[in-house]
Amino acid sequence: MVNNTDPGTGVEQVAAAIRDSSSFLIAAHESPDGDAIASTFALTIALREMGKDVVAYNVDPIPQKLRFLPGADTLVNHVAEQTRYDVGIVLDAGELRRAKIDVIGMCGISINIDHHPYSEDFGDIYCVDTGASATAVMIYRILKHLDHPVSVAVAENIYTAILSDTGSFRYSSANSEAFCVAGEMVGCGVDPWKVAGGLYESQEEERLRLLAKSLATLQISACGRVAAIYATEQMFAEVGAGPELADSFVNYPRSIHGVEVAVFLREIGPDSYKLSMRSKGSVDVGALARELGGGGHRNAAGGEVSGSVEQVVADVFKRLHPLLP
Ligand code: 5GP
Ligand code: MN
């Protein structure tokens with residue numbers, strides 16, 4: 001049994017808002033990852049089990065590899081703007097704007113539940129703990145606080161979110177709470193092989209074809225410690241892949257021996273790129289991302305950058321160089 005319901009993180013306030021309200025709008029960040037999606041479903045399912053009315057929203061579609069999750073059939077990507085909800089909850093977003101919906105205008109009480117460092121302080125309740133390995137762990141704490149029993153459907157989502165955000169328990173964010181909660185979820189009936197099968201053993205052919213093109217762009221800095229790959233809109237078109245299929249591509253350049261920081265650029269418009277950075281620990285890529293107007297953690301961060309791909313790679317390499325140990 002895990003007992004970590006620190007009231008200091010806003011858990012008590014969120015629990016009270018849930019207890020006292022009946023209609024909810026739940027949203028997470030655009031281009032959702034495993035934690036964003038599975039946290040959305042875990043909270044949606046749990047609130048419905050409590051008899052609440054819940055709309056689960058994301059501006060983007062569910063990535064293919066997460067469609068096996070319970071709750072995947074209920075996500076909507078359009079909500080009428082004039083609809084009003086008692087409570088709006090933004091999950092895992094870092095910044096409100098990344099939820100792409102006017103949660104504050106549409107909801108009586110708005111809540112930020114997150115684990116990102118420097119998560120934006122918006123809305124009425126700030127439930128953020130950077131010590132949580134995943135936003136889903138915050139949801140677990142809230143459900144514990146409410147004495148709500150964790151169903152298999154909720155457990156599968158919480159387990160998936162933790163697995164996804166800790167890189168399958170490889171990252172330093174995989175703290176003892178992550179293992180304890182994941183273990184408890186298995187105790188609740190989660191089948192780890194079913195989740196791994198969905199997350200890692202069900203890739204689309206197009207993703208591998210896109211990866212092949214993207215890996216061919218590999219550039220390594222003269223010192224051998226920074227590596228970058230990119231994917232252009234043309235590459236996506238050539239293989240018939242959507243943008244979500246490039247998820248986690250940045251892990252490939254990071255896996256090179258000697259590389260401390262990896263960069264992945266995904267073209268999102270003319271001279272405009274979505275930047276992803278991953279560090280092995282010695283460089284705080286979150287700090288650099290914030291400098292560039294984005295955000296994230298020490299070891300995983302991103303943002304949007306403009307310029308030609310050559311200019312952007314050169315600029316990011318130049319900014320990273322003085323940060324290397
Ligand atoms: P990814 O590279 O997977 O898109 O993002 C890595 C990390 O950086 C995630 O924790 C994500 O929330 C954060 N991140 C990525 N893009 C942005 C952005 O534009 N703004 C902020 N604040 N955080 C971002
Ligand atoms: Mn997360």
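**Exercise 1. Is aspartate 147 buried or exposed, and where along the chain does it lie?**

Solution. Since this is a predicted model, every value below is computed from predicted coordinates. Begin with the position: aspartate 147 lies in the loop between helix H4 (135–145) and helix H5 (152–165). Next take its accessibility and compare it with the cut-off, by which a residue is exposed when its relative accessible area is over 50%. At 70% relative accessibility, aspartate 147 therefore counts as exposed. Finally, look at the backbone, where phi of aspartate 147 is near 60 degrees, a positive value in a residue other than glycine.

**Exercise 2. Describe the place, the exposure and the backbone angle of lysine 100**.

Solution. First find the residue in the loop between strand E3 (85–91) and helix H3 (103–106), which is the place of lysine 100. Then consider its relative accessible area of 41%, with which lysine 100 is partly exposed. The last step concerns phi, which is positive at about 55 degrees in lysine 100 although this residue is not a glycine.

**Exercise 3. Give an overall account of the chain, from its elements to its surface and charges**.

Solution. Start with the secondary structure, which consists of 12 helices and 11 strands. The radius of gyration of the chain is 19 Å, close to the 20 Å that the globule rule gives for 325 residues, so the chain is as compact as a globular protein of that length. Along the principal axes, the C-alpha atoms fill a box of roughly 60 × 40 × 40 Å.

Now turn to how the residues are packed: buried residues make up 53% of the 325 residues in the chain. Among contacts between residues at least 6 apart in sequence, 63% join residues at least 24 apart. As for the surface, the chain exposes about 13,600 Å², and carbon and sulfur atoms supply 50% of that area. The charges complete the account, with 26 positive and 42 negative side chains, and the centres of these two sets lie 5 Å apart.

**Exercise 4. Which residues have the most contacts inside the largest nonpolar core, and which helix gives the most to it?**

Solution. The largest nonpolar core has 56 residues, and those with the most contacts inside it are Ile89, Ile113, Ile158 and Met185. Helix H2 (residues 34–49) gives the most to this core, contributing 9 residues. Apart from this core lies another, of 36 residues, which include Val261, Leu265, Val312 and Leu320.

To see the surroundings of one of these residues, take methionine 185 and leave out residues up to four places away in sequence: methionine 185 then touches Tyr140, Val150, Ala155, Ile158, Tyr159 and Val190.

**Exercise 5. Where are threonine 40 and leucine 69, and what do they touch?**

Solution. Threonine 40 is found in helix H2, and with a relative accessible area of 1% threonine 40 is buried. When neighbours within four places in sequence are set aside, the contacts of threonine 40 are Ile26, Ala28, Ala56, Leu75 and Leu91.

Leucine 69, by its place, lies in the loop between strand E2 (53–57) and E3, and at 3% relative accessibility leucine 69 counts as buried. Not counting residues up to four places away in sequence, leucine 69 touches Ile37, Ala38, Phe41, Glu156, Asn157 and Thr160. For one of these partners the separation can be stated: the C-alpha atoms of leucine 69 and phenylalanine 41 are 8.0 Å apart, while 28 residues separate the pair along the chain.

**Exercise 6. Set separation along the chain beside separation in space for aspartate 124, aspartate 191 and leucine 208**.

Solution. Aspartate 124 has its place in the loop between strand E4 (107–114) and strand E5 (125–128). Aspartate 124 and glycine 108 are 16 residues apart in sequence, and their C-alpha atoms are 9.2 Å apart in space. Leaving aside neighbours within four places in sequence, aspartate 124 is in contact with Gly108, Ile109 and Ser110.

Aspartate 191 is found in the loop between helix H6 (176–187) and helix H7 (192–200), where aspartate 191 is partly exposed at a relative accessible area of 37%. Between aspartate 191 and alanine 155, which are 36 residues apart along the chain, the C-alpha separation is 10.0 Å.

Leucine 208, in helix H8 (residues 205–215), is partly exposed with a relative accessible area of 46%. The C-alpha atoms of leucine 208 and aspartate 53 are separated by 40 Å, and these residues are 155 apart along the chain.

Terms used:
Residues are numbered from 1 along each chain as its sequence is written. Chains are lettered from A and ligands numbered from 1 in the order in which they are written. This is a predicted model: local features need pLDDT of at least 70, side-chain atom pairs count only at pLDDT 80 or more; totals for chains, interfaces and linings use all residues. Side-chain values use heavy atoms; hydrogens and water are left out. A nonpolar core is a set of buried Ala, Val, Leu, Ile, Met, Phe, Trp, Tyr and Cys residues joined through side-chain atoms within 4.5 Å. Buried means under 20% relative accessible area, exposed over 50%, partly exposed in between (1.4 Å probe, protein chains only). Helices (H or I, at least four residues) and strands (E, at least two) are DSSP runs, numbered from the N terminus. Contact means heavy atoms within 4.5 Å. The radius of gyration is taken over C-alpha atoms; the globule rule is 2.2 Å times the number of residues to the power 0.38. Accessible areas come from the Shrake-Rupley method with a 1.4 Å probe; for residues, only the protein chains shown count as cover. Lys and Arg count as positive and Asp and Glu as negative; His and the chain ends are not counted. The place of a charge is taken as NZ of Lys, CZ of Arg, CG of Asp or CD of Glu.
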